[in-house]
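Here's a short tour of one protein chain, written for someone new to reading structures. Have a look at it first, then we'll walk through it together.

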Amino acid sequence: MKNSLVSSLFLVSTLLLSGCGDSKEDTQEIPEGMASDPKQDAIVEQPANVEEQIKDLPYNKFKLAIYTKENKDATVLAEFDKKDGETEAIYRNDYASTDLKGDPAFALLQPILIELQLNQEMSEEEVIQHVMNTFGAEDYSSFELEIDYVEGKEIKYNRTK
């Protein structure tokens, strides 16, 4: 499962980089949070049954920020929040050259959040290690994670090196 996530992230970053050529083609304005490459659009399209997939997530809110000494901005920023029937998502991962908002961000985050399989009984160290591995982060200077579990418990995991 981890290999498929890494492979998917590699594929997305490859597609993103392939759109950075010196082509003189006409460009069009692309709405914020949308993929700029038609091939990438196919990858990040919302699945047909999004509402069911949102219900299946074990989190009402997932807010992650991983900082490194080299980067003053978060190297990995992943936010998912479902409230009052609305879903908001942001996903920026410098390791995977990804920066998305809205539905495209949720499309990439949803399988990652399911794969994490975090629960309230896990130790802080287990949670941090599992999140770091799943998001492809090698190290951190600051790790901030806030999870509101569906079961009703909100837990914050913070660690600074």
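Among contacts in the protein chain between residues at least 6 apart in sequence, what percentage join residues at least 24 apart? It comes to 51%. Keep in mind that this is a predicted model.

**The overall layout**

The chain has 5 helices and 6 strands. Starting at the N terminus, you meet them in the order α-α-α-β-β-β-β-α-α-β-β. The chain is 161 residues long, and 40% of them count as buried. About 9,900 Å² is exposed, with carbon and sulfur atoms supplying 47% of that.

**The core**

In soluble globular proteins, nonpolar side chains tend to be buried together. Here, the largest nonpolar core has 33 residues, and those touching the most other members are Phe62, Leu64, Leu118, Val131, Phe135, Phe143 and Leu145. Elements that give it two or more residues include β1 (59-68), β2 (71-83) and α5 (124-134). The top giver is α4, with 7 residues.

Try clicking on Phe135: leaving out residues up to four places away in sequence, Phe135 touches Phe62, Leu64, Val76 and Tyr91, among others.

**Rings**

There are 6 aromatic pairs to find. Take Tyr59 and Tyr149: their ring centres are 5.9 Å apart and their planes sit at 55 degrees, so this pair counts as tilted. Tyr59 belongs to strand β1 and Tyr149 to strand β5, so the pair ties together parts that are 90 residues apart in sequence. Both Tyr59 and Tyr149 are buried. Ring pairs also join Tyr59, Phe62, Tyr91, Phe135 and Tyr149 into a cluster.

**Charges**

The structure holds 5 salt bridges, and here are some of them:

| Salt bridge | N to O distance |
|---|---|
| Lys83 and Asp81 | 3.7 Å |
| Arg159 and Glu124 | 3.6 Å |
| Lys161 and Asp139 | 2.6 Å |

Lys161 lies in the segment after β6, while Asp139 is in the loop between α5 and β5, so their pair ties together parts that are 22 residues apart in sequence. Is Lys161 buried or exposed? With a relative accessibility of 59%, Lys161 counts as exposed, while Asp139, at 40%, is partly exposed. Lys161 has another partner too: its charged end sits over the ring of Tyr140, 4.5 Å from the ring centre.

As for the others, Arg159 is partly exposed at 25% relative accessibility, and Glu124 is partly exposed at 30%. Glu124, Glu125 and Arg159 are linked in a network of salt bridges. Lys83 is partly exposed as well, at 44% relative accessibility.

How values were computed: Residues are numbered from 1 along each chain as its sequence is written. This is a predicted model: local features need pLDDT of at least 70, side-chain atom pairs count only at pLDDT 80 or more; totals for chains, interfaces and linings use all residues. Side-chain values use heavy atoms; hydrogens and water are left out. Helices (H or I, at least four residues) and strands (E, at least two) are DSSP runs, numbered from the N terminus. Buried means under 20% relative accessible area, exposed over 50%, partly exposed in between (1.4 Å probe, protein chains only). Contact means heavy atoms within 4.5 Å. Accessible areas come from the Shrake-Rupley method with a 1.4 Å probe; for residues, only the protein chains shown count as cover. A nonpolar core is a set of buried Ala, Val, Leu, Ile, Met, Phe, Trp, Tyr and Cys residues joined through side-chain atoms within 4.5 Å. Rings of Phe, Tyr and Trp (its six-membered ring) pair if their centres lie within 6.5 Å; planes under 30 degrees apart count as stacked, over 60 as edge-to-face and the rest as tilted. A charge sits over a ring if NZ of Lys or CZ of Arg is within 6 Å of the ring centre and within 35 degrees of the ring normal. A salt bridge is a side-chain nitrogen of Lys or Arg within 4 Å of a carboxyl oxygen of Asp or Glu.
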